[in-house]
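Reader: I've got a chain to look at and a pile of terms I don't trust yet. Can we go through them together?

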Amino acid sequence: MAFSAVHFSPRLSLLKPRPTAPPRCSASISQVAAPAGHKPFDLQSYWTALIAEINDQLSHAIPIRYPPVIFESMRYSVLSKGAKRAAPVMCVAACELLGGDRAAAFPTACALEMVHVASLIHDDIPCMDDDPARRGSPSNHAVYGVDMAILTGDALFPLAFRHITTRTPTNIVPPDRLLRVVAEIARTVGSSGMAAGQFLDVTKPSGGDVDFVMEKKFGEMGQCSAVCGGILAGAQEEDVERLRRYGRAVGVLYEVVDDIREAVLEGSRTRAGYVGVYGLERAREAAEDLRTKAKQELEGLESYGDKVVPLYSFVDYATERGFDVGGGDVEGI
């Protein structure tokens, strides 16, 4: 993960029309310009430390057992070098913001990554989006076959719930909070959440349908990550709901910016998306609006001091650089 110091301009650069085709953006950043009254935030150190710990815990959570091919397939996708770990990092950041212990958040953070990866594996198979590559490597089904890809996703979903309930320190997180977290994740991936978005996505949405797909496929994961962190910290309901609205806006923002990035920097679209349905100018407007909404929710959490800055960094990093941390495209949160 290579970063260089960058400070963001007040407006999102990709939202502005440019007279000539810009060069491809690299995911380079180590300093995010903190909001007024906050210290500059060292994003490189924060992400590097968290990702290293998350990767280590994920590796231990999926040892090779019998039948080995299932576990090898799970490890192939979960431990991919191109993974950004945006969902687990947001969960930890939200938990710490509201006074929670990082150790309380790690099991749920890892579970969120398992759920996220399972959804990507299923999203890539031929009967869905039929993507041959993910995070710069062949998709799971391209390596292990469609049947094994389906089984791998099926295995990761329950493993995520088991990891939360067996690994979360009960002396830090009461059972009622764990129950809320499990229910939140189950709702997110279910028929009223990400599955609903995927259903409409395979029907090639147009008009208002694409907004629903964005909310469900990408906004749901963002809001779940932020909300789970808040729940684990024992946050007041008002703050949990702020995190919900913030996470939803950021989750959709990532995908809209990805659509803009592909259209502007690559000049083509490989799949139907926000730009494909609404056009580039409206996509720019939507991204600016989502960026504003996310930051407005964080303004209500300013009383927590500098701990709110990591959540600001999600917004600025996503919009300025397409959130290209792992070297691939944004792929949602």
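Author: Sure. Of the chain's 333 residues, 55% count as buried, meaning under 20% relative accessible area with a 1.4 Å probe and protein chains only. This is a predicted model, where local features need pLDDT of at least 70, side-chain atom pairs count only at pLDDT 80 or more, and totals for chains, interfaces and linings use all residues. Residues are numbered from 1 along each chain as its sequence is written, and side-chain values use heavy atoms, leaving out hydrogens and water.

Reader: Why is Val277 called partly exposed?

Author: Exposed means over 50%, and partly exposed lies between that and buried. Val277 has 28% relative accessibility, so it counts as partly exposed.

Reader: How do you know that the span of helix H1 agrees with its 19 residues?

Author: Helices here are DSSP runs (H or I, at least four residues), numbered from the N terminus. The expected span is 1.5 Å times one less than the number of residues. For H1, residues 43-61, that gives 27 Å, and the end C-alpha atoms are 26 Å apart, which agrees.

Reader: Which residues of H1 are buried?

Author: Leu43, Tyr46, Trp47, Leu50, Ile51, Ile54, Leu58 and Ala61. They cover an arc of only 105 degrees around the axis, taking directions from the axis to the C-beta atoms, so they sit on the same side of H1.

Reader: What does Leu156 touch?

Author: Contact means heavy atoms within 4.5 Å. Not counting residues up to four places away in sequence, Leu156 touches Ile62, Met74, Val78, Met114, Val117, Ala118 and Ile121.

Technical notes
Helices (H or I, at least four residues) and strands (E, at least two) are DSSP runs, numbered from the N terminus.
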